[in-house]
Amino acid sequence: MHLIDPDLIQEHNGHQLQHVARDYAHLGEQLARRGIDVDAVRQRVAALGVALPSWGVGTGGTRFARFPGPGEPRHVFDKLQDCGVIQQLARATPTVSLHIPWDQCSDWSALRETASGYGLGFDAINSNTFSDQRGQAHSYKFGSLSHSDAGTREQAVAHNVECIRIGQRLGSRALTVWVGDGSNFPGQQHLRRAFERYLESARQIYQALPDGWRMFLEHKLCEPAFYSTVIQDWGSSYLAASALGPRAQCLVDLGHHAPSVNIEMIVARLIGAGKLAGFHFNDSKYGDDDLDAGSVAPYRLFLVFNELVAAAHEGVAGFAPAYMLDQSHNVTDPIESLMGSAAQVQRSYAQALLVERGLLDAAQDANDALLASQTLKRGFETDVTPILQRLRLDAGGAIDPVAAYRASGYRARVARERPARTAGGSSGIV
(Lines give C-alpha, C1' and ligand atoms only; values in the text may rest on other atoms or scores of the structure.)
Protein backbone atom coordinates (compact mmCIF):
# COMPACT_ATOMS: atom_id res chain seq x y z
CA MET A 1 0.00 0.00 0.00
CA HIS A 2 1.70 3.20 -1.19
CA LEU A 3 1.12 6.30 0.95
CA ILE A 4 3.54 8.44 -1.06
CA ASP A 5 3.38 8.30 -4.86
CA PRO A 6 6.25 6.00 -5.99
CA ASP A 7 6.67 8.12 -9.12
CA LEU A 8 7.40 11.15 -6.93
CA ILE A 9 10.06 9.18 -5.05
CA GLN A 10 11.58 7.95 -8.29
CA GLU A 11 11.62 11.47 -9.71
CA HIS A 12 13.27 12.79 -6.56
CA ASN A 13 15.87 10.04 -6.68
CA GLY A 14 16.55 10.57 -10.36
CA HIS A 15 18.18 13.93 -9.77
CA GLN A 16 20.72 12.37 -7.39
CA LEU A 17 21.49 8.95 -8.85
CA GLN A 18 24.79 9.89 -10.45
CA HIS A 19 26.02 11.65 -7.34
CA VAL A 20 25.13 8.70 -5.12
CA ALA A 21 26.91 6.24 -7.43
CA ARG A 22 30.08 8.35 -7.54
CA ASP A 23 30.11 9.07 -3.81
CA TYR A 24 29.55 5.40 -2.99
CA ALA A 25 32.34 4.29 -5.31
CA HIS A 26 34.70 6.89 -3.83
CA LEU A 27 33.90 5.78 -0.29
CA GLY A 28 34.43 2.18 -1.34
CA GLU A 29 37.93 3.04 -2.59
CA GLN A 30 38.75 4.80 0.68
CA LEU A 31 37.54 1.91 2.81
CA ALA A 32 39.31 -0.68 0.64
CA ARG A 33 42.62 0.93 1.58
CA ARG A 34 41.71 0.10 5.21
CA GLY A 35 40.77 -3.47 4.33
CA ILE A 36 37.01 -2.82 4.62
CA ASP A 37 34.42 -3.99 2.06
CA VAL A 38 31.86 -1.21 1.62
CA ASP A 39 29.25 -3.63 0.22
CA ALA A 40 29.54 -5.87 3.28
CA VAL A 41 29.03 -2.88 5.57
CA ARG A 42 26.00 -1.75 3.56
CA GLN A 43 24.42 -5.19 3.78
CA ARG A 44 24.84 -5.32 7.56
CA VAL A 45 23.35 -1.86 8.02
CA ALA A 46 20.44 -2.76 5.74
CA ALA A 47 19.65 -5.71 8.03
CA LEU A 48 19.28 -3.45 11.08
CA GLY A 49 15.66 -2.67 11.93
CA VAL A 50 14.63 0.12 14.29
CA ALA A 51 11.12 0.07 15.74
CA LEU A 52 8.96 3.18 15.67
CA PRO A 53 7.09 4.31 18.80
CA SER A 54 3.40 4.63 17.97
CA TRP A 55 3.14 7.63 20.30
CA GLY A 56 6.10 9.30 18.59
CA VAL A 57 4.14 10.29 15.46
CA GLY A 58 2.01 12.67 17.53
CA THR A 59 3.10 16.00 18.92
CA GLY A 60 4.65 15.65 22.36
CA GLY A 61 4.54 18.03 25.24
CA THR A 62 6.22 19.24 28.40
CA ARG A 63 5.11 19.40 32.02
CA PHE A 64 3.71 22.85 31.20
CA ALA A 65 1.92 22.66 27.89
CA ARG A 66 1.40 20.86 24.62
CA PHE A 67 1.08 22.67 21.29
CA PRO A 68 -0.74 20.43 18.79
CA GLY A 69 0.58 20.09 15.28
CA PRO A 70 -1.42 19.86 12.04
CA GLY A 71 -2.73 16.48 11.00
CA GLU A 72 -2.08 14.71 14.29
CA PRO A 73 -3.14 11.04 14.43
CA ARG A 74 -6.62 10.57 15.88
CA HIS A 75 -6.21 6.88 16.70
CA VAL A 76 -3.90 3.93 16.24
CA PHE A 77 -4.83 3.42 12.58
CA ASP A 78 -3.72 6.99 11.81
CA LYS A 79 -0.51 6.30 13.72
CA LEU A 80 0.16 3.25 11.57
CA GLN A 81 -0.41 5.32 8.45
CA ASP A 82 2.23 7.84 9.53
CA CYS A 83 4.59 5.00 10.44
CA GLY A 84 3.98 3.54 7.00
CA VAL A 85 5.14 6.79 5.41
CA ILE A 86 8.33 6.70 7.45
CA GLN A 87 9.06 3.12 6.41
CA GLN A 88 8.24 3.77 2.76
CA LEU A 89 10.69 6.65 2.54
CA ALA A 90 13.45 5.76 5.01
CA ARG A 91 13.40 1.93 4.81
CA ALA A 92 14.86 1.49 8.28
CA THR A 93 11.79 1.08 10.50
CA PRO A 94 9.90 -2.14 9.67
CA THR A 95 8.13 -2.48 13.03
CA VAL A 96 5.97 -0.42 15.40
CA SER A 97 5.87 -0.55 19.19
CA LEU A 98 2.38 -0.01 20.60
CA HIS A 99 1.45 1.49 23.95
CA ILE A 100 -1.66 0.23 25.74
CA PRO A 101 -4.19 1.71 26.46
CA TRP A 102 -3.11 4.65 24.26
CA ASP A 103 -3.41 2.35 21.24
CA GLN A 104 -6.44 0.34 22.31
CA CYS A 105 -8.73 -0.72 19.46
CA SER A 106 -11.72 -2.98 18.88
CA ASP A 107 -10.30 -5.15 16.10
CA TRP A 108 -6.71 -6.34 16.50
CA SER A 109 -6.89 -8.53 13.40
CA ALA A 110 -7.80 -5.51 11.29
CA LEU A 111 -4.95 -3.54 12.89
CA ARG A 112 -2.45 -6.27 12.08
CA GLU A 113 -3.74 -6.51 8.51
CA THR A 114 -3.50 -2.73 8.11
CA ALA A 115 0.07 -2.74 9.39
CA SER A 116 0.99 -5.52 6.98
CA GLY A 117 -0.42 -3.46 4.13
CA TYR A 118 2.02 -0.70 5.03
CA GLY A 119 4.90 -3.18 5.20
CA LEU A 120 4.98 -3.05 9.00
CA GLY A 121 5.06 -5.57 11.82
CA PHE A 122 4.91 -5.11 15.59
CA ASP A 123 7.77 -4.89 18.06
CA ALA A 124 7.60 -4.97 21.88
CA ILE A 125 4.30 -3.92 23.38
CA ASN A 126 4.34 -1.32 26.17
CA SER A 127 2.10 -1.25 29.22
CA ASN A 128 0.91 1.93 30.98
CA THR A 129 0.49 1.91 34.75
CA PHE A 130 1.92 5.39 35.21
CA SER A 131 -1.28 7.29 34.45
CA ASP A 132 -4.93 6.72 35.31
CA GLN A 133 -7.41 5.73 32.62
CA ARG A 134 -11.12 6.42 32.55
CA GLY A 135 -13.11 3.94 34.59
CA GLN A 136 -10.26 2.14 36.34
CA ALA A 137 -10.98 1.11 39.91
CA HIS A 138 -7.69 2.09 41.55
CA SER A 139 -5.51 5.17 40.99
CA TYR A 140 -1.79 5.01 40.23
CA LYS A 141 -1.14 8.35 41.89
CA PHE A 142 1.01 6.65 44.54
CA GLY A 143 2.33 3.79 42.44
CA SER A 144 1.26 0.70 40.56
CA LEU A 145 3.29 -2.51 40.70
CA SER A 146 4.83 -1.36 44.00
CA HIS A 147 1.73 0.28 45.49
CA SER A 148 1.05 -0.35 49.18
CA ASP A 149 -2.50 -1.41 48.29
CA ALA A 150 -2.81 -5.00 47.07
CA GLY A 151 -5.83 -4.21 44.89
CA THR A 152 -3.91 -1.56 42.99
CA ARG A 153 -1.01 -3.96 42.42
CA GLU A 154 -3.41 -6.64 41.15
CA GLN A 155 -4.93 -4.14 38.73
CA ALA A 156 -1.48 -3.21 37.39
CA VAL A 157 -0.48 -6.86 36.99
CA ALA A 158 -3.73 -7.61 35.17
CA HIS A 159 -3.11 -4.74 32.76
CA ASN A 160 0.34 -6.08 31.89
CA VAL A 161 -1.08 -9.55 31.31
CA GLU A 162 -3.70 -7.99 29.03
CA CYS A 163 -0.89 -6.31 27.08
CA ILE A 164 0.78 -9.68 26.60
CA ARG A 165 -2.45 -11.13 25.21
CA ILE A 166 -2.81 -8.20 22.81
CA GLY A 167 0.81 -8.59 21.76
CA GLN A 168 0.24 -12.25 20.95
CA ARG A 169 -2.53 -11.29 18.54
CA LEU A 170 -0.25 -8.77 16.83
CA GLY A 171 2.86 -10.92 16.59
CA SER A 172 4.91 -9.13 19.26
CA ARG A 173 7.50 -11.10 21.20
CA ALA A 174 8.29 -8.84 24.16
CA LEU A 175 6.64 -6.74 26.86
CA THR A 176 8.22 -3.48 28.01
CA VAL A 177 7.44 -2.51 31.60
CA TRP A 178 8.14 1.00 32.86
CA VAL A 179 6.60 2.32 36.05
CA GLY A 180 6.52 5.84 37.45
CA ASP A 181 6.44 4.42 40.97
CA GLY A 182 8.44 6.23 43.61
CA SER A 183 8.24 9.08 46.10
CA ASN A 184 8.59 12.83 46.15
CA PHE A 185 9.33 13.31 49.88
CA PRO A 186 11.81 11.65 52.23
CA GLY A 187 10.00 9.14 54.38
CA GLN A 188 6.98 9.01 52.06
CA GLN A 189 7.75 5.44 51.07
CA HIS A 190 9.51 2.47 52.67
CA LEU A 191 12.21 2.10 50.04
CA ARG A 192 13.01 -1.58 50.60
CA ARG A 193 9.40 -2.73 50.85
CA ALA A 194 8.45 -0.82 47.70
CA PHE A 195 11.12 -2.69 45.73
CA GLU A 196 10.00 -6.01 47.21
CA ARG A 197 6.40 -5.30 46.21
CA TYR A 198 7.56 -4.45 42.69
CA LEU A 199 9.36 -7.79 42.46
CA GLU A 200 6.32 -9.67 43.73
CA SER A 201 4.13 -8.04 41.06
CA ALA A 202 6.73 -8.42 38.30
CA ARG A 203 7.02 -12.16 39.04
CA GLN A 204 3.34 -12.60 38.30
CA ILE A 205 3.77 -10.84 34.95
CA TYR A 206 6.90 -12.86 34.16
CA GLN A 207 5.03 -16.10 34.81
CA ALA A 208 2.41 -15.05 32.23
CA LEU A 209 5.00 -14.68 29.44
CA PRO A 210 4.32 -17.00 26.49
CA ASP A 211 7.09 -19.21 25.12
CA GLY A 212 9.64 -17.20 23.18
CA TRP A 213 8.74 -13.91 24.85
CA ARG A 214 11.03 -11.56 26.79
CA MET A 215 10.22 -9.01 29.47
CA PHE A 216 12.05 -5.68 29.18
CA LEU A 217 12.50 -3.74 32.43
CA GLU A 218 12.98 -0.02 31.85
CA HIS A 219 14.62 2.13 34.51
CA LYS A 220 14.45 5.90 34.93
CA LEU A 221 16.38 8.13 37.30
CA CYS A 222 13.49 10.42 38.17
CA GLU A 223 10.14 11.83 37.02
CA PRO A 224 7.35 11.79 37.92
CA ALA A 225 8.79 10.78 41.30
CA PHE A 226 11.79 13.01 42.02
CA TYR A 227 13.01 11.92 45.45
CA SER A 228 13.13 8.21 44.66
CA THR A 229 12.04 5.88 41.91
CA VAL A 230 11.59 2.16 42.43
CA ILE A 231 13.62 1.17 39.33
CA GLN A 232 15.91 4.18 39.20
CA ASP A 233 19.07 2.92 37.46
CA TRP A 234 20.62 -0.01 35.64
CA GLY A 235 21.64 -1.56 38.96
CA SER A 236 18.11 -1.86 40.31
CA SER A 237 16.92 -2.97 36.86
CA TYR A 238 19.62 -5.66 36.83
CA LEU A 239 18.70 -6.80 40.33
CA ALA A 240 15.06 -7.15 39.32
CA ALA A 241 15.80 -8.89 36.00
CA SER A 242 18.15 -11.32 37.75
CA ALA A 243 15.53 -12.11 40.38
CA LEU A 244 12.84 -12.75 37.75
CA GLY A 245 14.70 -15.10 35.44
CA PRO A 246 16.60 -15.40 32.13
CA ARG A 247 13.83 -13.92 29.98
CA ALA A 248 13.78 -10.67 31.97
CA GLN A 249 16.32 -8.14 30.70
CA CYS A 250 17.24 -4.48 31.12
CA LEU A 251 16.14 -1.86 28.61
CA VAL A 252 18.41 1.17 28.13
CA ASP A 253 16.75 4.50 27.36
CA LEU A 254 19.51 7.01 26.64
CA GLY A 255 17.72 9.78 28.54
CA HIS A 256 17.03 7.85 31.74
CA HIS A 257 20.42 8.17 33.40
CA ALA A 258 22.13 10.50 35.84
CA PRO A 259 24.13 13.35 34.25
CA SER A 260 27.61 12.36 33.04
CA VAL A 261 26.91 8.64 33.41
CA ASN A 262 28.98 6.51 31.04
CA ILE A 263 26.14 4.86 29.12
CA GLU A 264 28.35 2.79 26.85
CA MET A 265 29.96 1.21 29.92
CA ILE A 266 26.52 0.32 31.28
CA VAL A 267 25.77 -1.28 27.92
CA ALA A 268 29.00 -3.27 28.13
CA ARG A 269 28.18 -4.47 31.66
CA LEU A 270 24.70 -5.61 30.66
CA ILE A 271 26.06 -7.40 27.59
CA GLY A 272 28.56 -9.21 29.76
CA ALA A 273 25.82 -10.25 32.18
CA GLY A 274 23.51 -11.42 29.39
CA LYS A 275 20.90 -8.87 30.49
CA LEU A 276 20.81 -6.29 27.69
CA ALA A 277 17.24 -6.17 26.36
CA GLY A 278 17.76 -3.34 23.92
CA PHE A 279 17.38 0.40 23.54
CA HIS A 280 15.09 3.37 23.41
CA PHE A 281 17.11 5.76 21.25
CA ASN A 282 16.86 9.51 21.78
CA ASP A 283 19.17 12.30 22.92
CA SER A 284 19.32 14.84 25.71
CA LYS A 285 21.09 17.91 27.02
CA TYR A 286 19.77 17.91 30.58
CA GLY A 287 17.74 14.79 31.36
CA ASP A 288 14.96 12.87 29.71
CA ASP A 289 14.70 15.46 26.93
CA ASP A 290 13.56 12.91 24.33
CA LEU A 291 15.31 14.81 21.54
CA ASP A 292 16.08 13.34 18.11
CA ALA A 293 18.75 10.63 18.22
CA GLY A 294 22.24 12.05 17.80
CA SER A 295 21.06 15.66 17.85
CA VAL A 296 23.22 16.55 20.89
CA ALA A 297 25.73 13.74 21.45
CA PRO A 298 26.33 11.76 18.25
CA TYR A 299 29.72 10.51 19.48
CA ARG A 300 28.05 8.95 22.53
CA LEU A 301 25.62 7.09 20.28
CA PHE A 302 28.56 5.89 18.20
CA LEU A 303 30.34 4.65 21.33
CA VAL A 304 27.23 2.70 22.32
CA PHE A 305 27.20 1.03 18.91
CA ASN A 306 30.91 0.36 19.21
CA GLU A 307 30.10 -1.86 22.19
CA LEU A 308 27.30 -3.55 20.26
CA VAL A 309 29.45 -4.23 17.21
CA ALA A 310 32.24 -5.54 19.44
CA ALA A 311 29.83 -7.95 21.12
CA ALA A 312 28.58 -9.23 17.76
CA HIS A 313 32.14 -9.49 16.45
CA GLU A 314 33.18 -11.53 19.49
CA GLY A 315 30.14 -13.79 19.26
CA VAL A 316 28.77 -13.08 22.73
CA ALA A 317 26.23 -15.77 23.53
CA GLY A 318 22.56 -14.75 23.59
CA PHE A 319 23.31 -11.28 22.21
CA ALA A 320 20.06 -10.09 20.55
CA PRO A 321 19.24 -6.48 21.50
CA ALA A 322 16.03 -4.81 20.32
CA TYR A 323 16.22 -1.32 18.83
CA MET A 324 13.51 1.30 19.11
CA LEU A 325 13.15 5.07 18.95
CA ASP A 326 11.49 6.87 21.86
CA GLN A 327 11.13 10.60 21.31
CA SER A 328 8.86 13.56 21.95
CA HIS A 329 8.56 16.09 19.15
CA ASN A 330 7.48 19.52 20.32
CA VAL A 331 8.79 21.83 17.58
CA THR A 332 9.35 19.56 14.57
CA ASP A 333 7.21 17.44 12.28
CA PRO A 334 7.29 14.04 14.04
CA ILE A 335 7.59 12.14 10.76
CA GLU A 336 10.65 14.15 9.75
CA SER A 337 12.27 13.75 13.16
CA LEU A 338 11.71 10.00 13.24
CA MET A 339 13.14 9.55 9.75
CA GLY A 340 16.19 11.55 10.76
CA SER A 341 16.63 9.57 13.95
CA ALA A 342 16.36 6.24 12.17
CA ALA A 343 19.04 7.39 9.75
CA GLN A 344 21.22 8.52 12.65
CA VAL A 345 20.96 5.08 14.26
CA GLN A 346 22.00 3.53 10.94
CA ARG A 347 24.83 6.04 10.66
CA SER A 348 26.20 5.23 14.12
CA TYR A 349 26.00 1.52 13.37
CA ALA A 350 27.80 1.93 10.04
CA GLN A 351 30.54 4.04 11.66
CA ALA A 352 31.02 1.42 14.38
CA LEU A 353 31.35 -1.27 11.70
CA LEU A 354 34.28 0.71 10.26
CA VAL A 355 36.32 0.46 13.47
CA GLU A 356 39.32 -1.76 12.81
CA ARG A 357 38.81 -4.35 15.55
CA GLY A 358 42.24 -5.97 15.35
CA LEU A 359 44.01 -2.64 15.61
CA LEU A 360 41.78 -1.52 18.49
CA ASP A 361 42.30 -4.78 20.40
CA ALA A 362 46.07 -4.51 19.97
CA ALA A 363 46.12 -0.90 21.14
CA GLN A 364 44.03 -1.76 24.19
CA ASP A 365 46.25 -4.73 25.09
CA ALA A 366 49.32 -2.50 24.76
CA ASN A 367 47.71 0.26 26.85
CA ASP A 368 48.21 2.63 23.91
CA ALA A 369 45.52 5.14 24.82
CA LEU A 370 46.17 7.49 21.92
CA LEU A 371 46.13 4.84 19.20
CA ALA A 372 42.99 3.28 20.66
CA SER A 373 41.22 6.65 20.67
CA GLN A 374 42.37 7.45 17.14
CA THR A 375 41.16 4.07 15.91
CA LEU A 376 37.70 4.77 17.27
CA LYS A 377 37.63 8.29 15.86
CA ARG A 378 38.65 7.12 12.41
CA GLY A 379 35.40 5.16 12.27
CA PHE A 380 33.33 7.99 13.71
CA GLU A 381 34.78 10.66 11.43
CA THR A 382 34.13 8.69 8.24
CA ASP A 383 31.18 10.10 6.30
CA VAL A 384 28.98 7.07 5.67
CA THR A 385 26.20 9.07 3.98
CA PRO A 386 26.74 7.29 0.62
CA ILE A 387 26.10 3.93 2.32
CA LEU A 388 22.82 5.14 3.80
CA GLN A 389 21.72 6.69 0.52
CA ARG A 390 22.56 3.55 -1.42
CA LEU A 391 20.71 1.19 0.92
CA ARG A 392 17.58 3.39 0.82
CA LEU A 393 17.78 3.46 -2.95
CA ASP A 394 18.22 -0.31 -3.18
CA ALA A 395 15.20 -0.87 -0.92
CA GLY A 396 12.93 1.41 -2.97
CA GLY A 397 13.04 4.31 -0.53
CA ALA A 398 14.04 7.94 -0.98
CA ILE A 399 17.66 9.01 -1.20
CA ASP A 400 16.69 12.13 0.74
CA PRO A 401 13.61 11.09 2.77
CA VAL A 402 12.83 14.47 4.31
CA ALA A 403 13.01 16.30 0.97
CA ALA A 404 10.78 13.70 -0.71
CA TYR A 405 8.34 13.83 2.19
CA ARG A 406 8.04 17.61 1.99
CA ALA A 407 7.59 17.48 -1.77
CA SER A 408 4.78 14.95 -1.36
CA GLY A 409 2.56 17.34 0.60
CA TYR A 410 1.59 14.50 2.93
CA ARG A 411 1.34 16.66 6.06
CA ALA A 412 -0.97 19.17 4.40
CA ARG A 413 -3.14 16.34 3.05
CA VAL A 414 -3.63 14.62 6.41
CA ALA A 415 -4.20 17.99 8.06
CA ARG A 416 -7.26 18.35 5.83
CA GLU A 417 -8.43 14.83 6.63
CA ARG A 418 -7.85 14.88 10.38
CA PRO A 419 -9.63 17.51 12.46
CA ALA A 420 -7.35 19.94 14.26
CA ARG A 421 -6.84 19.34 17.94
CA THR A 422 -7.19 22.09 20.48
CA ALA A 423 -4.27 22.96 22.73
CA GLY A 424 -4.28 21.18 26.05
CA GLY A 425 -2.20 20.07 28.96
CA SER A 426 1.01 18.15 28.89
CA SER A 427 1.37 14.82 27.08
CA GLY A 428 3.44 12.23 28.83
CA ILE A 429 6.30 10.40 27.15
CA VAL A 430 8.37 7.57 28.52
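In the predicted model, the lining of the largest cavity comprises seven nonpolar and three polar residues, with no charged residue among them. The residues that form this lining are Q249, I271, G274, L276, V316, A317, G318, F319, A320 and P321. The volume of the largest cavity amounts to about 60 Å³. In total, four cavities of 30 Å³ or more are present in the structure. Empty space of this kind is revealed by rolling a probe the size of a water molecule over the atoms.

Helix α11, which spans residues 334-353, contains I335. Q346 is likewise placed in helix α11. I335 has a relative accessible area of 0% and is therefore classed as buried, the cut-off for this class being under 20%. Q346, with a relative accessible area of 2%, is also buried.

The surroundings of these two residues were examined with neighbours within four places in sequence left aside. Under this condition, I335 is in contact with D82, V85, I86, Y405, Y410 and R411. For Q346, the corresponding contacts are V45, R91, A92, L388, L391 and R392. With respect to Y140, I335 lies 195 residues away along the chain, and the C-alpha atoms of the two residues are separated by 32 Å.

Methods. Residues are numbered from 1 along each chain as its sequence is written. This is a predicted model: local features need pLDDT of at least 70, side-chain atom pairs count only at pLDDT 80 or more; totals for chains, interfaces and linings use all residues. Side-chain values use heavy atoms; hydrogens and water are left out. Helices (H or I, at least four residues) and strands (E, at least two) are DSSP runs, numbered from the N terminus. Buried means under 20% relative accessible area, exposed over 50%, partly exposed in between (1.4 Å probe, protein chains only). Contact means heavy atoms within 4.5 Å. On a 1 Å grid over the protein atoms alone, a cavity is a set of points where a 1.4 Å probe fits but cannot get out, and a pocket is an open set with protein on both sides within 12 Å along at least five of seven lines; lining residues have an atom within 4 Å of a point. Grid points are joined across faces, edges and corners, and a volume is the space filled by probe spheres set on the points. Ala, Val, Leu, Ile, Met, Phe, Trp, Tyr, Cys and Pro count as nonpolar, Asp, Glu, Lys and Arg as charged, and the others, Gly among them, as polar.
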